[in-house]
Amino acid sequence: MKKLLTFFSLLIIVNVALAQKNIVITLKNRADFARQEEAVVLSRQALEQRAGKISTGKVPVFKTVSGEVLPSQTDDLNNDDTWDEVIFLASFQKREKYNINITFVQPEQLPVFKKRTNARMAKLDGEKFLSSTKETMPKGHKQTDFSTTKMPLYQVEGPTWENDKVAFRLYFDPRNGKDIYGKTTSDLVMDKVGLPSDNYHVKNWWGMDILKVGASLGAGALAIQITDLQGKTTLARLGEGVEQTTYELVAAGPIRSIFRLQYKNWQPTPTEKYDVTETISIIASKFYYESAVTISGFTGEKNLVTGIVNLMSNKALQFKDKIYNYLATHDIQSENKDKLGMGIIVQQADFIAFGETPEEGSDKVLQTYYVALKAKANQPVSFKFYAGWEATDPRFADANHFENFLKSEINGFSEPIKVKIK
């Protein structure tokens with residue numbers, strides 16, 4: 001019996017060892033330009049096809065052949081206590097190709113990487129804001145009236161997300177607008193912004209709130225095209241007419257932060273009702289956030305709309321290519337009265353049209369350049385929203401530089417890093 005137990009113990013050890021075998025991946029930059037800190041995302045499933053079943057609790061470490069450990073993080077996207085994706089950063093010369101070794105270790109054996117992203121929601125508790133990983137908007141919650149209320153229910157009125165380049169916020173109330181905080185530091189600062197001693201409307205050592213949103217879609221807020229009771233085609237802003245709105249933090253790591261917004265029973269017209277999920281992510285070193293939007297409760301196709309405020313800009317910059325398009329503005333349009341470029345990159349396959357809302361009137365969305373996207377039920381449609389402030393990088397003071405920057409981003413997305421798992 002003892003020999004039999006020993007045999008099975010050895011068998012288990014062998015199987016575990018086989019399941020955790022090291023693997024190699026080949027990365028190739030197919031583009032004719034260098035790339036700095038490109039984000040490479042691999043699924044757990046793809047790794048297990050080559051490495052076998054990954055032991056519970058183990059995480060991958062990525063090393064170059066010279067032994068350099070690349071910054072990485074694992075993310076549990078479906079909240080089942082097991083990571084689903086791993087993201088790491090790698091840099092390339094033009095047309096460069098090289099191998100990366102992957103080993104699997106316990107999380108405590110992973111190097112501590114500098115935290116360069118964050119997503120945060122904080123709610124007022126007495127005189128302090130306490131961070132929360134999940135929050136449901138109270139029924140009847142409205143925009144803060146600062147003439148009668150000293151502090152809002154939520155710090156900076158809603159969730160924030162940032163990296164070492166730029167920060168954003170969302171108004172967690174029926175406005176559901178998106179705003180930009182320009183940064184002059186690579187530090188993560190949004191946990192300290194919006195406290196009683198802080199005035200984010202004037203330039204501080206870290207930056208400031210640089211965008212006036214008004215009745216527009218601001219920095220990538222959402223709407224759909226509808227036909228109103230008078231037969232007029234207009235935009236219905238996501239936020240009003242929602243039965244329940246929920247925020248949930250998915251990840252807040254050194255490389256990437258993700259959160260999810262769920263809008264239950266949104267009724268943009270008396271005869272329509274939808275559920276909407278928006279997943280927002282931000283990656284270290286990038287000047288954009290990405291939004292993936294899924295709408296359910298209909299058949300066929302809807303026109304999902306996102307846009308850029310045009311309060312201080314009289315010209316929309318539009319670019320169409322085979323794979324990606326962009327809508328952009330560049331002007332003296334920051335609240336600091338200096339140059340700010342804003343852009344939205346979308347896939348051509350999702351693109352319907354560019355447009356502009358009225359400057360004034362009774363429409364729910366005003367003063368916005370927008371892009372309409374094809375939305376099919378239960379299928380995500382995504383876009384990337386960019387903010388380039390000259391106080392962050394002086395090169396963004398030049399409109400040509402900003403447009404060339406967006407085009408270079410499109411070139412990169414059109415030629416993704418090729419990954420081969422050996």
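Strands β2 (35-43), β17, β18 (274-283) and β19, together with helix α3 (399-414), each contribute at least two residues to the lining of the largest pocket. The model in which this pocket is found is a predicted one. Strand β2 provides the largest share of that lining, with seven residues. In total, 38 residues line the largest pocket, and those nearest its centre are Glu38, Ala39, Lys286, Tyr288 and Phe413.

The second largest pocket draws on other named elements: β15 (219-227) and β16 each supply at least two residues of its lining. Here the largest share, five residues, comes from β16. Nearest the centre of the second largest pocket lie Ile226, Asp228, Thr234, Pro268 and Lys364. The two pockets are set out below.

| Pocket | Volume | Lining residues | Lining by class |
|---|---|---|---|
| Largest pocket | about 1200 Å³ | 38 residues | 18 nonpolar, seven polar, 13 charged residues |
| Second largest pocket | about 310 Å³ | 18 residues | seven nonpolar, five polar, six charged residues |

Aromatic contacts form a further theme of the model. A search of the whole structure gives 25 aromatic pairs. One of them joins tyrosine 247 and phenylalanine 259, whose rings are tilted, with 5.4 Å between the centres and 40 degrees between the planes. Tyrosine 247 belongs to strand β16 (residues 233-252) and phenylalanine 259 to strand β17 (residues 256-266), so this pair ties together parts that are twelve residues apart in sequence. Tyrosine 247 and phenylalanine 259 are both buried.

An edge-to-face pair is formed by tyrosine 289 and phenylalanine 383, at 6.4 Å centre to centre and with 70 degrees between the planes. Because tyrosine 289 lies in strand β19 (residues 288-296) and phenylalanine 383 in strand β26 (residues 381-389), the pair ties together parts that are 94 residues apart in sequence. Tyrosine 289 is buried, its relative accessible area being 0%. Phenylalanine 383 is likewise buried, with a relative accessible area of 1%.

Ring pairs also link a set of residues into a cluster, made up of Phe287, Tyr288, Tyr324, Tyr386, Phe396, Phe402, Phe405 and Phe413. Two members of this cluster, Tyr288 and Phe413, are among the residues nearest the centre of the largest pocket. Phenylalanine 413 has a charged neighbour as well: lysine 384 lies over the face of its ring, at 4.5 Å from the ring centre. A corresponding arrangement involves arginine 44, which lies over the face of tryptophan 83 at 4.6 Å from the ring centre.

Arginine 44 also figures in the description of helix α2 (residues 44-51), where the buried residues are Arg44, Leu47 and Ala51. Viewed down the axis of α2, these buried residues fall within an arc of 65 degrees, so they line one face of the helix. Gln45 and Gln49, by contrast, are exposed on the other side of α2. Just after α2, glycine 52 adopts a positive phi of about 80 degrees.

Methods
Residues are numbered from 1 along each chain as its sequence is written. This is a predicted model: local features need pLDDT of at least 70, side-chain atom pairs count only at pLDDT 80 or more; totals for chains, interfaces and linings use all residues. Side-chain values use heavy atoms; hydrogens and water are left out. Rings of Phe, Tyr and Trp (its six-membered ring) pair if their centres lie within 6.5 Å; planes under 30 degrees apart count as stacked, over 60 as edge-to-face and the rest as tilted. Helices (H or I, at least four residues) and strands (E, at least two) are DSSP runs, numbered from the N terminus. Buried means under 20% relative accessible area, exposed over 50%, partly exposed in between (1.4 Å probe, protein chains only). A charge sits over a ring if NZ of Lys or CZ of Arg is within 6 Å of the ring centre and within 35 degrees of the ring normal. On a 1 Å grid over the protein atoms alone, a cavity is a set of points where a 1.4 Å probe fits but cannot get out, and a pocket is an open set with protein on both sides within 12 Å along at least five of seven lines; lining residues have an atom within 4 Å of a point. Grid points are joined across faces, edges and corners, and a volume is the space filled by probe spheres set on the points. Ala, Val, Leu, Ile, Met, Phe, Trp, Tyr, Cys and Pro count as nonpolar, Asp, Glu, Lys and Arg as charged, and the others, Gly among them, as polar. The arc is that of the directions from the helix axis to the C-beta atoms.
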